[in-house]
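Me: Could you take a close look at the ligand site in this model for me? Once that is done, I'd like to hear about a few residues and helices elsewhere too.

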Amino acid sequence: MTDVPHIIVIGAGLIGLCTADELTQRGAKVTVIDGRAGPCKGTSFSNSGMIHPSQARSWDPEVDDTDAVLDAARVTVALGQCSKTLLTSKMKRFGMPERPDGCIQLLPSLDAARAMQLTQNAIGVRTDVLMDEVESFGRPACHFPDDSSGNAHLFGCALADDLGARGVTFIYEARGLDLRRSDETVAVRTSEQHFQCDHLIVAAGAGSPDILAKLGVRLNLSLISGAAADFTLPRDLRGLPSRPIMDSESRSALTVFADRLRVSGGWNVTDPTALITRWREIAPQLFEQIGPPISTWTSKRPISPAGRPYISATSVPGLWVNTGHGHMGWTLCAGSGELLAEMILNGRQDNRFAFAG
Ligand SMILES: Cc1cc2nc3c(=O)[nH]c(=O)nc-3n(C[C@H](O)[C@H](O)[C@H](O)COP(=O)(O)OP(=O)(O)OC[C@H]3O[C@@H](n4cnc5c(N)ncnc54)[C@H](O)[C@@H]3O)c2cc1C
């Protein structure tokens, strides 16, 4: 290894960018490689903006609350809380507007909200029961005061610019990515360039399993699609909720950003039509005042079977993973980047998100 380690990060989404940020802060020379034409054009492009440690529990309707699942939720809540603090300070650095703390989750009844309050408290999530005309459209809900929100795409683009100014090299539109073991390290080729590095981090979201397979490493991830629709906000619209509202039934959220309203999420949905229908039912008066969507989007979230991300070394020396964040990648990006940078550059031992492949 040279005095200043050269680290390649594959993936310029929220996870890869935050990892590059933390590595650079610790003195590494970093190259970020992505197949797309710029930062945050994958799953990080149009998410719901919720910074929600409260949602660390698996969203998979097939997964029961076993001890292993609750353990995964507890460690993910803890990482989410650290990540939120770090992410908030990064957002401030980029002059992003402060938003009211908290996210709301709609439940079918007040009894269901009280039951959720108990289960959330058991995994370390502060929870209030709420029913408010504006903040929960008059429906029973839980309020998670330790959650937060922000525009993930704006943040990712600001961070990529900042990293570029701090000397990080970005290779966009990389084609024909190939990885080879080379002596003690891993060599990376694209159709145009060849790189040697001391460490290679795969933070390529849904593309991670195929990349790792080139080195014989099998990463078990399911790809669960979600969708989004953006609407223009009429200027005179009053009484908009100030915090993102999540609907338990459709696993989707309604978020008011500075310039738009977004309906997004869903579990295995490939277009937002059903989500929009559901939100029209929840908030008919609001949807009477806004027109059709100005854009729609769909993407896949990579999700590990245990419901916790992989932030870890692998069986190949110098090869690391930071992926599998599922519906939590915006929440966990800063903390995941910090944790992996500490493991690689400062020898931190942490098995909470270990990967056995
Ligand atoms: C509808 C929806 C709503 C969501 N809402 C929230 C939310 O409110 N809060 C929250 O915390 N999370 C949310 N998420 C999850 C969050 O957006 C993701 O977990 C996060 O964006 C994942 O970031 P990433 O960097 O791992 O992946 P990505 O953003 O997909 O980045 C991976 C990058 O790797 C690149 N790549 C892949 N394969 C290759 C290859 N072979 N060669 C070169 N480059 C490659 C891709 O081009 C991409 O840029 C939501 C997700 C969806 C789909």
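Reply: Let's start with the backbone around the ligand: a backbone N or O atom of W330 lies 3.1 Å from one of the ligand's oxygen atoms. Bear in mind that this is a predicted model. The protein covers 92% of the 1,000 Å² of accessible area that the ligand has on its own. The elements that give two or more residues to the shell around the ligand are α1 (14–25), β17 (295–303) and α8 (329–346), and the largest share, three residues, comes from α8.

W330 isn't the end of the backbone story. A polar backbone atom of G329 is 3.0 Å from an oxygen atom of the ligand, and for G49 a backbone N or O atom lies 3.4 Å from a ligand oxygen. As for the whole shell, 32 residues surround the ligand, and the closest are D34, R36, S44, M50 and T331.

Now for a lysine in helix α2, K90. With a relative accessibility of 2%, K90 counts as buried, because the cut-off for that label is under 20%. Its side chain has a polar partner, though: K90 makes a side-chain contact with E22 at 2.5 Å. Leaving aside neighbours within four places in sequence, K90 is in contact with D21, E22, Q25, F155 and A334.

The helix that holds K90 is worth a quick geometry check. Helix α2 has 27 residues, 67–93, and at 1.5 Å a residue it should span 39 Å; the C-alpha atoms at its ends are 39 Å apart, so the two values agree. After α2 comes G95, with a positive phi near 70°.

Next, T31, in strand β2 (residues 29–33). T31 counts as buried, at 4% relative accessibility. A polar contact of 2.8 Å joins its side chain to that of H6. Not counting neighbours within four places in sequence, T31 is in contact with H6, I7, I8, V9, T169, I171 and F195. If you want a long-range distance, T31 and T296 are 265 residues apart in sequence and 32 Å apart in space, C-alpha to C-alpha.

Another threonine, T314, sits in the loop between β18 (310–313) and β19 (319–323). Is T314 buried or exposed? At 14% relative accessibility, T314 counts as buried. The side chain of T314 reaches the backbone nitrogen of V316 at 3.1 Å, and a polar atom of that side chain lies 2.9 Å from the backbone oxygen of L319. Setting aside residues up to four places away in sequence, T314 touches L319, W320, V321, F355 and G357.

Last, the cysteines. How many disulfides does a search of the whole structure find? Zero. Take C40: the closest cysteine sulfur, in C157, is 5.7 Å from its own, which is too far for a bond, because a disulfide here needs the two sulfur atoms within 2.5 Å. Seen from the other end, C157 is in no disulfide either, and its nearest cysteine sulfur is that of C40. The accessibility labels of this pair are worth noting: C40 is buried, with a relative accessible area of 1%, whereas C157 counts as partly exposed at 24%.

Conventions:
Residues are numbered from 1 along each chain as its sequence is written. This is a predicted model: local features need pLDDT of at least 70, side-chain atom pairs count only at pLDDT 80 or more; totals for chains, interfaces and linings use all residues. Side-chain values use heavy atoms; hydrogens and water are left out. Helices (H or I, at least four residues) and strands (E, at least two) are DSSP runs, numbered from the N terminus. The expected span of a helix is 1.5 Å times one less than its number of residues. Buried means under 20% relative accessible area, exposed over 50%, partly exposed in between (1.4 Å probe, protein chains only). A polar contact is a pair of N or O atoms within 3.5 Å; within protein, one must be able to donate a hydrogen and the other to accept it, and residues adjacent in sequence count only if both atoms are side-chain atoms. Contact means heavy atoms within 4.5 Å. A residue is near a molecule or strand if one of its heavy atoms lies within 4 Å of it. Accessible areas come from the Shrake-Rupley method with a 1.4 Å probe; for residues, only the protein chains shown count as cover.
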